[in-house]
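Me: I would like a close look at a single part of this structure, the pocket and whatever surrounds it. Please take me through it slowly, in one connected answer, as I am in my first year.

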Amino acid sequence: MSLLGKLEGDVEIKAPAGKFHDVLSCRPHHVNTMSPDKVHGVDLHEGDWGKEGTVITWNYTHDGVKKTAKEIVEAIDDKNNSTTFKVIDGDLTKEYKDFRFIVKATPKPNGEGSVVRWTIVYEKLNRQIPDPTTLLQLILDCSKDIDAHLTQTQAQ
């Protein structure tokens, strides 16, 4: 059993890929208004919103427990609607040596909506640490909330 792992999950959304990407790459501090039962706030520590190298902290609830994740925005690829976050402090660092979230929104071929793929790449501190499957489900559910907000705003 390896300490290295990778989980992936997809969710279909109605919003355009670029709009979804913009929320996570440039406006993550708005996610708490889009998914308030899951994300309670995103704070800027260093840098500027929408820039690589920016350090932010997510305050969220996972498995019924309030948690934090301090992350560096490692990469933003506007051409491919992809953003990579590397966890550098917080609750996840108690169980994982390395932890990254990669989110990519791809337009559907028919032009209606998008597919959001979340990839979690991690290294556990030991073999007893579970794979972060419930965290993957949380971010997939959060993506649905973001979509609902974006498509509601789009319809108005």
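Reply: By class, the residues that line the largest pocket of this predicted model divide into six nonpolar, three polar and five charged ones. The space in this pocket comes to about 200 Å³, and of the 14 residues in its lining, those closest to the centre are H62, K67, L92, E95 and Y96. Two elements, strand β3 and helix α3 (133–155), each supply at least two residues of that lining, and α3 gives the most, with three residues.

Strand β3, which covers residues 55–62, is a good place to go on from, and seven of its eight residues are buried, so that the strand is mostly covered. On one side of the pairing, strand β2 (residues 39–46) runs antiparallel to β3 and is joined to it by six bridges, with V42 standing opposite W58 of β3. Strand β4 (residues 65–77) also runs antiparallel to β3, and here eight bridges join the two; within this pairing, N59 stands opposite T68 of β4. The strands β3 and β4 form a hairpin that has two residues between them, and D63, which lies in the turn, has a positive phi of about 55 degrees.

The pocket is open, but the model also holds enclosed spaces, and a general idea helps here. Rolling a probe the size of a water molecule over the atoms shows where empty space is left. Two cavities of 30 Å³ or more are found in the structure, and the largest of them contains about 240 Å³ of space. Its lining is made of 17 residues, among which V39, W58, F101, W118 and I139 are the closest to the centre. W58 is thus a residue to look at twice, since it stands opposite V42 in the strand pairing and is also among the residues closest to the centre of the largest cavity. Strands β3 and β4 and helix α3 each supply at least two residues of this lining, while the largest share, five residues, comes from α3. By class, the lining of the largest cavity has 15 nonpolar residues, no polar ones and two charged ones.

The second largest cavity has a volume of about 30 Å³, and its lining consists of L24, S25, P28, D48, W49, G50, K51, T54, I56 and V73. Sorted in this way, those residues give five nonpolar, three polar and two charged ones.

Helix α3, which supplies residues to the linings of both the largest pocket and the largest cavity, also carries a salt bridge of its own. In this bridge D141 is joined to K144, with the closest N and O atoms 3.8 Å apart, and because the two residues are three apart in the helix, they are separated by about one helical turn. D141 counts as partly exposed because its relative accessibility is 26%, and K144 counts as partly exposed too, at 44%. Elsewhere, salt bridges that share partners join E8, D10 and R117 into one network.

The count of salt bridges comes to 11, and two further examples are worth following. One of them brings together the side chains of E74 and R100, at 2.8 Å from N to O; this pair links distant parts of the chain, for E74 is in strand β4 and R100 is in strand β6 (residues 96–107), 26 residues apart. E74 has a relative accessibility of 35%, and therefore counts as partly exposed. In the other example the side chains of K94 and D91 meet at 3.2 Å, N to O. Here K94 counts as exposed because its relative accessibility is 61%, whereas D91, with a relative accessible area of 21%, is partly exposed.

A last point takes us back to helix α3 by way of the cysteines. The count of disulfides is zero, and C26 is in none, the nearest cysteine sulfur being that of C142, 17 Å away. Seen from C142, the closest cysteine sulfur is the one in C26, and because the distance is 17 Å, it is too far for a bond. The two residues also differ in how much of them is accessible, for C26 is partly exposed at 26% relative accessible area, whereas C142 is buried at 8%.

Methods:
Residues numbered from 1 in each chain as written. Predicted model: local features only at pLDDT ≥ 70, side-chain atom pairs only at ≥ 80, totals over all residues. Heavy atoms only, no water. Buried < 20%, exposed > 50% of the residue type's maximum accessible area, 1.4 Å probe, protein only. Helix = DSSP H or I, 4+ residues; strand = E, 2+ residues; numbered from the N terminus. Pairing = 2+ DSSP bridges. 1 Å grid on protein atoms, 1.4 Å probe; cavity = no way out; pocket = protein on both sides within 12 Å on 5 of 7 lines; lining within 4 Å. Points joined across faces, edges and corners; volume = space filled by probe spheres on them. Nonpolar A, V, L, I, M, F, W, Y, C, P; charged D, E, K, R; others polar. Salt bridge = Lys/Arg side-chain N within 4 Å of Asp/Glu carboxyl O. Disulfide = S-S within 2.5 Å.
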